[in-house]
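Colleague: I would like to learn how to read the spaces and the odd spots in a protein model. Can we go through one together?

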Amino acid sequence: MNALIYWLDMAGVIIFALSGVVLACRTRMDPFGMLVLAAVTGVGGGTLRDMVLGVGPVFWVTDPTYLWVILVTVGLAILGFHYIHRLSRGFLPVADAFGLALFVVIGAHKALQLGTSGLVAVLMGMMTGVAGGMVRDMLARRVPMVLREEIYATAAIAGGIVYVGLDALGAPGPLAIALSLMTTLGLRLAAIHWHLALPTFAWVVIPSSSEASPPVDEEVTPPPTPAEPPRPKVRVRMIRPEQSRRRKNRS
């Protein structure tokens, strides 16, 4: 089980590091910038997790293999720069989804191994999967994926709940890992393909009843001009994803 978790962790580091390289290529960074984005994406989430859990030194200090894996990934990416530059726009979010699914399992597993509660383990899984990508996007001056409307952190939380729940029920480790990966990856890929999103809240201006237009065939005497125009009512209402997208398209 520990060997399986270790190799899944390495796979997640490679995928996240590659996503950092792709973003660095698209933002025209030099090789050092590619290395920085690859490193913060590959080990940023796990570093923050270990710091929160009080694990010292962090995992990549005790096992420098993670750093060598990042260096090799960046080196191969530089050699194949022209091929990476031709990747479609959909590669980055898909690669990020695979890395997210892997790191959610890694973070939740490590938290449970340290004796934390199930709730903390779910949060650590989400942090491990989300934090590195957030730092990557901010360094590249992009809105982090977790702050966009599409389902992202919710998918990580769902995958963490599946893993922690199955572990509490005594399910075999490989089964819990597989179902957690399928949950996170399935939700994230579905959100990418169908643009699934949670509803948002926004300030909505509600016109007063006096502003409603009268029927065309009805003669209405215009009301006297008030000394001060009535203030419109402002309420907080839930906006469905399709309504939010229409508002953005109009603006």
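Colleague: Which helix gives the most to the lining of the largest cavity?

Modeller: Helix H2 does, with three residues. This is a predicted model, so take every value as computed. H1, H2 and H6 each supply at least two residues of that lining.

Colleague: Which residues line the largest cavity?

Modeller: They are Asp9, Val13, Gly42, Gly46, Arg49, Phe59, Phe103, Ile106 and Thr128. By class, four are nonpolar, three are polar and two are charged.

Colleague: How many cavities of 30 Å³ or more are there?

Modeller: The count is one. The space in the largest cavity is about 50 Å³.

Colleague: How does a pocket differ from a cavity?

Modeller: A probe in a cavity cannot get out, whereas a pocket is an open set of points. Here, the largest pocket has a volume of about 240 Å³. The second largest has about 180 Å³.

Colleague: Which elements give two or more residues to the lining of the largest pocket?

Modeller: Helix H1 (2-26), helix H6 (91-113) and helix H9 (173-194) do. Now go through the residues themselves. The lining holds Leu23, Arg26, Thr27, Arg89, Leu92, Pro93, Arg142, Met145, Arg148, Glu150, Arg188 and Ile192.

Colleague: What classes do those lining residues fall into?

Modeller: Six are charged, five are nonpolar and one is polar.

Colleague: And what lines the second largest pocket?

Modeller: Its lining is Asn2, Ile5, Tyr6, Asp9, Arg49, Phe59, Tyr66, Ile106, His109, Lys110 and Gln113. H1 and H6 each give at least two of these residues. The classes are five nonpolar, three polar and three charged. Compare the lists too. Asp9, Arg49, Phe59 and Ile106 appear in the lining of this pocket and in that of the largest cavity.

Colleague: Let us move to the surface. Which residues form a nonpolar patch there?

Modeller: Val72, Leu76 and Leu79 form one. Together they have about 340 Å² of accessible area. Val72 sits in helix H4, residues 65-79.

Colleague: Is Val72 buried, partly exposed or exposed?

Modeller: Use the cut-offs: under 20% is buried, over 50% is exposed, and partly exposed is in between. Val72 has a relative accessible area of 47%, so it is partly exposed.

Colleague: Now the backbone. Which peptide bond is cis, and what is its omega?

Modeller: Look at the bond from Gly56 to Pro57. It is cis, with omega near -10 degrees. Pro57 lies in the loop between helix H2 (31-53) and helix H3 (59-62).

Colleague: What about phi? Where should I look for a positive value in a residue other than glycine?

Modeller: Start with Arg28, where phi is near 60 degrees. Arg28 is in the loop between H1 and H2. Then go to Arg141, which is not a glycine and has a positive phi of about 60 degrees. Arg141 is in the loop between helix H7 (118-139) and helix H8 (153-168).

Colleague: Are these two arginines buried or exposed?

Modeller: Apply the cut-off again: over 50% counts as exposed. Arg28 has a relative accessible area of 81%, so it is exposed. Arg141 is exposed as well, with a relative accessible area of 81%.

Methods: Residues numbered from 1 in each chain as written. Predicted model: local features only at pLDDT ≥ 70, side-chain atom pairs only at ≥ 80, totals over all residues. Heavy atoms only, no water. 1 Å grid on protein atoms, 1.4 Å probe; cavity = no way out; pocket = protein on both sides within 12 Å on 5 of 7 lines; lining within 4 Å. Points joined across faces, edges and corners; volume = space filled by probe spheres on them. Helix = DSSP H or I, 4+ residues; strand = E, 2+ residues; numbered from the N terminus. Nonpolar A, V, L, I, M, F, W, Y, C, P; charged D, E, K, R; others polar. Patch = residues over 30% accessible without salt bridge, like charges linked within 9 Å, V, L, I, M, F, W, Y side chains within 5 Å. Areas by Shrake-Rupley, 256 points an atom, 1.4 Å probe, with all protein chains shown as cover. Salt bridge = Lys/Arg side-chain N within 4 Å of Asp/Glu carboxyl O. Buried < 20%, exposed > 50% of the residue type's maximum accessible area, 1.4 Å probe, protein only.
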